[in-house]
Structure formats: structure tokens, C-alpha cells
Amino acid sequence: MLGFILVPLISSMFIALLFVPMLRRLNKKGWPKWLGVTAATSLMILIGFIIFLLMDLSSKEIMETKDEFLDKAEVKIDETLALIDPYTNGSAADSTDDLEKEVTMRVVEPTLNLLAGLVPQLLMTLFFVVLWFSESINFEKLLNNFLIKNRRSSIKVFRRIEKDIVLFLRVKFLISLGTGVCTGLLCYAFGVSFPIFWGFFAFAINFVQMIGSIIAVVCCSIFAYVDMDTSSMLLIFALSITGVQVLFGSILEPIYMGRSFSINVITVLVMLMFWGFVWGVPGMIMSIPITVFLKIVFEQFEKTEKIAKLMS
């Protein structure tokens, strides 16, 4: 129920942790705090603006070619329904007329509602980030006062949380970027519609651990089915984007993450389901950083150390 406040607050904490080392270096060089906060906030807004431009570019790409794609999709759907029609006693063909209405109700309307609620969430997140930057919310003092009643231990835990979360977010960003670029290039090479959109989609959905890569492969393959005439080309394309996901997600990501993120697969799945149930998509994106945070804190206390080992 409090997700509308807690999601921006927790998101802003992880975003702010990315820039804390930068602010610390600027302070050591003698920059005033307000100037460092302004520089970090400006950099964050610039990154957000670049992401917005990519979204705008992909939406224009869709709008320019959607009619041609919809015509091909209609033909392909008719062909598919004709193949399965004998096994459904004609009911598959009857459902074609309701397809557009069903898509609008189940996909378009929820997407528009999500986007409408995204703007205030982003503004609130930006507000909280600025509060973290200016130390109006001091994470190190919170640890010292409420969790770990020892200043030296709380500083040590804070630095470890900062190091691990920054490592996770940086590696995840670069891995997701590589996945998105390769997916977009493969879509362009195989003639799949909307390659910019699919590249951006693969980049964004890759932040959802494990499940994101499966969603990207399935969605791209479904849309490729419309554009490709032969099943052999579709199979090669599906294997290619699966290979990209395996290369970046299953090989490169574990190498660069290191042993700090040796979290049990069952723990990952349980936390994905739990935070997804609580906060939806934002919860799924933040589930691994939250898990890492909890694991590090649990390791500090004798009573909860076994839970941390179990999570590993």
C-alpha cells in the first residue's frame, strides 16, 4: 500500500549509491557540497534524457512502420489459425475478430496506465535522490543508529554495501547495454520490424534477473515469426538471440560480478516472486540489490548469519 512512497525511496537509494564515490572524490578536491550535488544530479538527468530520446526514437520507428507490420501480422495470424482450425472445430477462426479488442484491453490500456503513473514516480525518485546527495537522508548514520550500534562496524558495512551495490548496478548496466545493442543489431540483420525498439526493450527487461532474458527471447521470436517466411530462418534467429542472452547473462555477468553475488538460484527466484508481488515490475528490478543488502546486514549478526549462508 505504501509502494508509491517506498518504491521511489528505495530506487533513489540505489541510484544515489552509484554517485556517492563521485561526490566523495569531488569533496576531497575541495568542491563545495552544493556544486557536487548539482554535478551528480545533472549527470543523472542527462542519462535519463538519453534514455528518453531512445524511447522517443523507438516509438517513432513503430509509428512509421506499424501499418505495414499489422498487415503482415494479419496475414500470418490467418495462416496460423487456418492450420489449427481443424483441431478447434472452427472456434479459432471465430476469435480473429475479437483479437484487436482483446489486445487493446489486455496490453494497450495497462501500458498507458503504467506510463501515466510513471511520471510522478520518476519526479519523486529524483526528489529523494537529491535528498540522499545532500545528506538530508544519511544512510551511514541510519545504519549506526538503528541497525549496527557500533560506528566502526557501521562504516565498514556501509562501504561494503556501497561497493557491492555499485558493482552490481554498473555491471548490470553494461551487460544490459551489450545485450540491447546485440539484440537490436540481430533484429536489423534478420529484417525483424522495430530493431531500435527491440534493442531498447532487451536493455530494459534485462534488469529483471533471470526472467528478463526469457521474456526478451520469447517476445522477439514471436514478432520475428510475423516477418520471416521460413521456419529455418526463425530458428536461426531465435538461437542467435538466445546465444546473446547466454553470452552476456550466463557467462560474462557472473565473471564480472565476482563472488560477492554468490546468491542461491532458489533465493533469487523467491525474492523475484516476493518483491514482484509486493511492488510489481519495480520490485522485480530491485529484488537482487535488496537481497544483496539484506545478505550483507544478516552477516553482521550471529543470530542471522546462518540465514546469510543459506542465501548463498
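Read from start to end, the protein follows the pattern α-α-α-α-α-α-α-α-α-α-α. In total, its secondary structure comes to 11 helices and zero strands. Here helices (H or I, at least four residues) and strands (E, at least two) are DSSP runs, numbered from the N terminus. This is a predicted model, in which local features need pLDDT of at least 70 and side-chain atom pairs count only at pLDDT 80 or more, while totals for chains, interfaces and linings use all residues. Residues are numbered from 1 along each chain as its sequence is written, and side-chain values use heavy atoms, with hydrogens and water left out.

**Inside and outside**

How much of the protein counts as buried? Of its 312 residues, 37% do. The word buried stands for under 20% relative accessible area, exposed for over 50%, and partly exposed for anything in between (1.4 Å probe, protein chains only).

Now look at the surface, where Leu43, Leu46, Ile47, Phe49, Ile50, Phe52, Leu53, Leu54, Leu57 and Ile196 form a nonpolar patch. Together these residues have about 860 Å² of accessible area, worked out by the Shrake-Rupley method with a 1.4 Å probe, where only the protein chains shown count as cover for residues. Patches are made of residues with over 30% relative accessible area and no salt bridge; like charges are joined within 9 Å, and nonpolar side chains (Val, Leu, Ile, Met, Phe, Trp, Tyr) within 5 Å. Which helix gives the most to the nonpolar patch? Helix H2 (residues 33-84) does, with nine residues. Leu54 lies in helix H2, and Leu54 counts as partly exposed because its relative accessibility is 38%.

**Salt bridges**

Side chains of opposite charge can pair when their charged atoms come close. A salt bridge is a side-chain nitrogen of Lys or Arg within 4 Å of a carboxyl oxygen of Asp or Glu. How many salt bridges does a search of the whole structure find? It finds six, including the three in this table.

| Pair | N to O distance |
|---|---|
| Lys60 and Asp56 | 3.4 Å |
| Arg160 and Asp164 | 3.7 Å |
| Glu253 and Lys172 | 3.2 Å |

Lys60 and Asp56 are separated by about one helical turn, because they are four residues apart in helix H2. Lys60 is partly exposed at 46% relative accessible area, and Asp56 is partly exposed at 29%.

Arg160 and Asp164 both lie in helix H6 (residues 151-189), four residues apart, which is about one turn of the helix. Are these two residues buried or partly exposed? Arg160 counts as partly exposed, at 31% relative accessibility, whereas Asp164 counts as buried, at 3%. A network of salt bridges links Arg160, Asp164, Lys295 and Glu299.

Next comes the pair of Glu253 and Lys172, whose closest N and O atoms are 3.2 Å apart. Glu253 lies in helix H9 and Lys172 in helix H6, so this pair ties together parts that are 81 residues apart in sequence. Both Glu253 and Lys172 are buried.

**Helices side by side**

Two packed helices are described by the angle between their axes and the distance between the axes. Axes are lines fitted to C-alpha atoms, for helices over the stretch in contact, and angles run from 0 to 180 degrees between N-to-C directions.

The axes of helix H7 (residues 195-205) and helix H8 (residues 211-227) come within 8 Å and cross at roughly 160 degrees. That makes H7 roughly antiparallel to H8; angles under 35 degrees count as roughly parallel, over 145 as roughly antiparallel, 65 to 115 as roughly perpendicular and the rest as oblique. H7 passes H8 in a right-handed crossing (the near helix is turned clockwise from the far one by less than a right angle; anticlockwise would be left-handed).

The axes of H8 and H9 come within 10 Å and cross at roughly 160 degrees. H8 is therefore roughly antiparallel to H9, and H8 passes H9 in a right-handed crossing.

**Residues in the loops**

Phe194 sits in the loop between H6 and H7. Its phi is near 60 degrees, a positive value in a residue other than glycine, and Phe194 counts as buried at 6% relative accessibility. Met210, in the loop between H7 and H8, has a positive phi of about 65 degrees although it is not a glycine. Met210 counts as partly exposed, at 36% relative accessibility.

Asp229 lies in the loop between H8 and helix H9 (231-257) and is exposed, with a relative accessible area of 76%. Asp229 and Lys76 are 153 residues apart in sequence and 9.5 Å apart in space, C-alpha to C-alpha.
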